[in-house]
Amino acid sequence: MRVLLFLFFPILLIAQESPQKSDQYFIALYTVGENWDVKKSPGEQLYFKEHSSFLSQLRKDKIIVTGARYSDTGMLILKATDFKTIESMLQQDLAIQNKLFELEIHPYASFYKGCIE
């Protein structure tokens, strides 16, 4: 009887584990918002330092995969379990809350795998 219990114990553990959702990728596009002061440099903008600190923490937490700028748009590729999670997370940025930046979030599905180093 003890042998049977020993053999079935790993199966019981596996059956009790909840399935992990795999990470999905999202693209976040940042453009200047209605409270951006064109007379000031980025470092002088209200909430810009808090924005930079917020993004720094996302990098440390490995949520940001990569980031870039093109034209007047900032772009981040991020990973999270679902859209609501990433949207809720990015809305915590004081620069978004105070309309220094406008934010668009879209699902991101790569059709060609590669790496950026």
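These legends accompany close-up views of a predicted model.

**View 1. Confidence along the chain.** The predicted protein chain has a mean pLDDT of 87. In this chain, 82% of residues reach 70 or more. Two stretches fall under 50: residues 3–9 and residues 11–19. For residues 3–9, the model has zero contacts beyond four places in sequence. For residues 11–19, the count of such contacts is likewise zero.

**View 2. The largest pocket.** The volume of the largest pocket is about 540 Å³. Its lining holds 22 residues. Nearest the centre lie Tyr30, His51, Arg69, Gly74 and Phe101. Four elements give two or more residues to this lining: β1 (24–32), α2 (48–60), β2 (64–70) and β3. By class, the lining splits into eleven nonpolar, eight polar and three charged residues.

**View 3. The second largest pocket.** Here the volume is about 420 Å³. The lining of the second largest pocket comprises 13 residues. Closest to the centre of this pocket are Val65, Tyr108, Ser110, Tyr112 and Gly114. Nine lining residues are nonpolar, three are polar and one is charged.

**View 4. The largest nonpolar core.** In soluble globular proteins, nonpolar side chains tend to be buried together. The largest nonpolar core of this model has 21 residues. Tyr30, Leu58, Leu78, Ile86 and Leu90 have the most contacts inside the core. At least two core residues come from each of β1, α2, β3, α3 (83–90), α4 (94–97) and β4 (101–108). The top contributor is α2, with four residues. Tyr30 also appears among the residues nearest the centre of the largest pocket.

**View 5. Ile86 and its contacts.** Ile86 is one of the residues with the most contacts inside the largest nonpolar core. Neighbours within four places in sequence are left aside in this view. Beyond them, Ile86 is in contact with Phe26, Ile63, Leu78, Lys79, Ala80 and Ile105. Of these partners, Leu78 is also listed among the residues with the most contacts inside the core.

**View 6. Thr73 in strand β3.** Thr73 belongs to strand β3, which spans residues 73–80. The relative accessible area of Thr73 is 13%. Thr73 therefore counts as buried, because the cut-off for that label is under 20%. Residues up to four places away in sequence are not counted as partners here. Thr73 touches Leu29, Tyr30, Thr31 and Ala68. One of these partners, Tyr30, is also among the core residues with the most contacts.

Notes: Residues numbered from 1 in each chain as written. Predicted model: local features only at pLDDT ≥ 70, side-chain atom pairs only at ≥ 80, totals over all residues. Heavy atoms only, no water. Buried < 20%, exposed > 50% of the residue type's maximum accessible area, 1.4 Å probe, protein only. Contact = heavy atoms within 4.5 Å. pLDDT = per-residue confidence, 0-100. 1 Å grid on protein atoms, 1.4 Å probe; cavity = no way out; pocket = protein on both sides within 12 Å on 5 of 7 lines; lining within 4 Å. Points joined across faces, edges and corners; volume = space filled by probe spheres on them. Nonpolar A, V, L, I, M, F, W, Y, C, P; charged D, E, K, R; others polar. Core = buried A, V, L, I, M, F, W, Y, C linked by side-chain atoms within 4.5 Å.
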